[in-house]
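Take a look at the model below. Start with the whole chain, then turn to its main opening.

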Amino acid sequence: MTTYIDIGINLTNKQFYNDIDNIIQDAVKANVSKMIITGTSIKNSEQSALIATKHPDTLYTTAGIHPHEAKNFDNQSISKLKELLLQPQVVAVGECGLDFDRDFSPRNIQESCYEAQLALAIETQKPLFLHERAAFSRFISITNQYLPELPKAVVHCFTGTLQEAKIYLDNGFYLGFTGAISDTWRFQHLKEVLQYIPLNKIMIETDAPFMLPKNVTKNLLKKQHERRCEPAFLPFIAETIAHFKGITIDKVAEHTTLNSKTFFGI
């Protein structure tokens, strides 16, 4: 049977309040067998880890501080993340990185917070779940300082250029793709990116409730949440990749599932 792994869902988002069990059940029915909840702050990472314990072998989570939340980074943050990373369902450090698009946290604080999490990944040897937006040059400059000792890393929700993708691949990184790839108006260039990247470096994610794929069948959208993305829609992302690469969706599912299992150790 074809199965999928969603490497990034924001299950603590308010759009999923009182709906978590249904969301998970719908995803499993759509053959999304495993999902990883994205940790974006200390509090959020703690909530995510707790949710994951209630759905063993289906839900996992990351633990980290998103650059938007870097302004809340303090002397206790790393020790709290380290405690979370000892839990078996917590499989990666992140979401961490730089976001110079919105600048919700000062850039120098973002950089300090990111560097601390790079060091944490090296110490714990947990893989990295990375975020970069409008900050590529600085992001790669900082990351390269830690590169010789870094564990595995995936740049999630990749929407960058082919040249940026090549640099990430040269550094051994994986790339995660969302429903953005089906947006042929804003992200037309991602077709060329996906045609270039080998299947053994691709993972897929919905980033739910965000990044709703354009090719989702309309009857699957819930009336009260017509713009909400769900992990059940992950096969539509795989379908777009299959179309771009001229291969079967089963082949995309097979490779991305294997990549995710190996990368996160799940």
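The paragraphs below go from overall shape to packing, and then to the largest pocket.

This is a predicted model. The protein chain holds nine helices and eight strands. Laid along the principal axes, its C-alpha atoms fill a box of roughly 50 × 40 × 30 Å. How does the radius of gyration of the protein chain stand against that of a compact globule? For 266 residues, a compact globule would come near 18 Å. The protein chain has 17 Å, so the two agree.

Next comes packing. Of the 266 residues in the protein chain, 58% are buried, meaning under 20% relative accessible area. Take the contacts with a separation of 6 or more: 75% of them join residues 24 or more positions apart. The accessible surface of the protein chain is about 12,000 Å². Carbon and sulfur atoms own 49% of that surface.

Now the largest pocket. It encloses about 1,600 Å³ of space. Which residues lie nearest its centre? They are Arg102, Arg133, Asp207, Phe210 and Met211, out of 50 lining residues. Four elements each give two or more residues to this lining: helix 2 (42–53), strand 4 (90–99), strand 5 (128–133) and helix 6 (162–170). Both helices and strands therefore appear in that list.

What is the lining made of, by class? The largest pocket has 18 nonpolar residues in its lining, along with 16 polar and 16 charged ones.

Methods: Residues numbered from 1 in each chain as written. Predicted model: local features only at pLDDT ≥ 70, side-chain atom pairs only at ≥ 80, totals over all residues. Heavy atoms only, no water. 1 Å grid on protein atoms, 1.4 Å probe; cavity = no way out; pocket = protein on both sides within 12 Å on 5 of 7 lines; lining within 4 Å. Points joined across faces, edges and corners; volume = space filled by probe spheres on them. Nonpolar A, V, L, I, M, F, W, Y, C, P; charged D, E, K, R; others polar. Rg over C-alpha atoms; globule rule 2.2 N^0.38 Å. Buried < 20%, exposed > 50% of the residue type's maximum accessible area, 1.4 Å probe, protein only. Contact = heavy atoms within 4.5 Å. Areas by Shrake-Rupley, 256 points an atom, 1.4 Å probe, with all protein chains shown as cover.
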